[in-house]
Amino acid sequence: MKNVILDCDIGVDDASALIMLLKNQQKVRLSLVSTVAGNSKIENVCNNTIFILRNFATRWVSVAVGASKPLYGERKLDASDVHGEGGLGGLKVEKQSDAKFTTEVAEEKIYKILSSSKRKITLVAIGPLTNIALLIKKHPEIVKKIAKIIIMGGSISGIGNITPFAEYNFAWDIDAAKSVVESGLKIYLSPIENANNMPVCDDEILASLKDAEHAEILKKIFLNLQDGSVPFGFALHDSCAAAFLLKPNLFKTLKCDIKINNDKKDKRYGQCFCEINKKGKNLVFVPKNYQKVKNFILKTTFGG
Ligand code: BDR
Ligand code: CA
């Protein structure tokens with residue numbers, strides 16, 4: 001059984017990733033879902049997280065509230081044009097009860113879980129990396145309790161989805177991204193090309209939907225989405241990180257060095273890409289067969 005902490009900014013594709021993990025609670029022990037602002041403001045992200053857990057968890061998972069803004073400065077990026085006003089597409093989520101949150105802030109709760117665990121834990125980070133950067137900054141020794149970190153962010157080619165060069169999660173808090181990349185953690189990166197090469201369209205979602213009760217919720221979240229960075233359909237980026245955790249054999253991993261541009265004067269500010277290199281310190285993973293990964297994501301997110 002893998003011990004896992006999910007750090008996310010739910011978000012449509014984050015919701016798919018969380019549902020995928022919740023449908024595999026017999027394989028993956030999810031110790032915590034920590035939230036971070038990103039696709040939407042932190043209040044919405046927290047609300048959405050509780051909503052998804054209430055509807056899809058077979059065992060309750062603790063939730064911690066994380067960063068509402070980047071390490072330095074204020075929140076500048078918002079993805080409501082892609083993820084909807086509240087972050088879950090066309091679904092309006094009513095206010096969930098605060099009683100479901102732990103009272104500790106995300107990085108302290110993550111620290112507590114890591115430090116009291118006998119076994120190393122895998123982190124899956126599918127939002128801006130602010131919480132993880134704060135964890136490492138406050139508790140640098142804790143990296144030895146982290147088995148690996150699977151991150152959705154950056155690209156292989158250097159192309160972006162929020163600027164021509166920058167990918168959303170890394171650009172949202174480039175300083176946090178830099179400090180995590182330079183922390184010595186074993187990083188497995190899911191770049192934007194993974195999901196860009198297998199956008200999912202409404203017909204495929206409808207064909208995969210089984211369970212009547214959840215189908216109505218899933219339709220409201222996942223149908224009729226617009227994502228300007230792919231020519232048709234919607235790119236489920238974070239689902240690729242969940243797929244890699246659950247079925248690593250569907251992917252090949254390549255050694256790489258991750259390059260980050262945090263020079264505010266450079267037009268490529270926010271860019272993060274992998275330089276594939278046999279001696280590289282990090283790893284980037286790509287599907288061996290895109291259709292097989294897409295089928296797995298569709299089945300696990302939308303199937304009964
Ligand atoms: C990433 O940015 C967010 O909008 C998505 O949830 C995903 O984590 C893709 O660039
Ligand atoms: Ca995300």
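Here are four short exercises, each with a worked solution, on a predicted model of a protein with one or more chains and a ligand.

**Exercise 1. Work out how the radius of gyration of the protein compares with that of a compact globule.**

Step 1: start from the chain length, which is 304 residues.
Step 2: for that length, a compact globule would have a radius of gyration near 19 Å.
Step 3: the protein has 18 Å, which agrees with the globule value.
Step 4: add the box; along the principal axes, the C-alpha atoms fill roughly 50 × 40 × 40 Å.
Step 5: look at burial and contacts. Of the 304 residues, 49% count as buried. Among contacts between residues at least 6 apart in sequence, 82% join residues at least 24 apart.

**Exercise 2. Find which strands pair with S5, and in what sense.**

Step 1: take stock of the elements, namely twelve helices and ten strands.
Step 2: locate S5 at residues 121-125. Four of its five residues are buried, so S5 is largely enclosed by the rest of the structure.
Step 3: follow one partner, strand S1 (residues 2-8), which pairs with S5 in the parallel sense over four bridges. Here Leu6 has Val124 of S5 as its bridge partner.
Step 4: follow another partner, strand S6 (residues 146-152), which runs parallel to S5 and is joined to it by five bridges. Leu123 is matched with Ile149 in S6.

**Exercise 3. Identify the residues with the most contacts inside the largest nonpolar core, and the element that gives the most to this core.**

Step 1: the largest nonpolar core holds 94 residues.
Step 2: the residues with the most contacts inside it are Val4, Leu6, Leu18, Leu21, Val124, Ala241 and Phe244.
Step 3: H1 gives the most to this core, with eight residues.
Step 4: take Leu18 as an example. Leaving aside residues up to four places away in sequence, Leu18 touches Leu6, Cys8, Ile10, Val33 and Ile52.

**Exercise 4. Describe the shell around ligand 1 and the helices that supply it.**

Step 1: count the shell, which has 15 residues. Those that come nearest are Gly11, Ala79, Tyr168, Asn169 and His237.
Step 2: sort the shell by character; five residues are nonpolar, six polar and four charged.
Step 3: name the helices. H1 (12-22), H6 (168-172) and H11 (237-246) each supply at least two residues.
Step 4: check the burial of H11. Nine of its ten residues are buried, which leaves this helix mostly covered. Among the buried ones are His237, Ala241 and Phe244.
Step 5: connect the pieces. His237 is among the residues nearest to ligand 1, while Ala241 and Phe244 are among those with the most contacts inside the core.

Note on methods
Residues numbered from 1 in each chain as written. Chains lettered and ligands numbered in written order. Predicted model: local features only at pLDDT ≥ 70, side-chain atom pairs only at ≥ 80, totals over all residues. Near = placed C-beta within 6 Å. Nonpolar A, V, L, I, M, F, W, Y, C, P; charged D, E, K, R; others polar. Core = buried A, V, L, I, M, F, W, Y, C linked by C-beta atoms within 7 Å. Buried ≥ 20, exposed ≤ 12 C-beta atoms within 10 Å, placed from the backbone. Contact = placed C-beta atoms within 7 Å. Rg over C-alpha atoms; globule rule 2.2 N^0.38 Å. Pairing = 2+ DSSP bridges.
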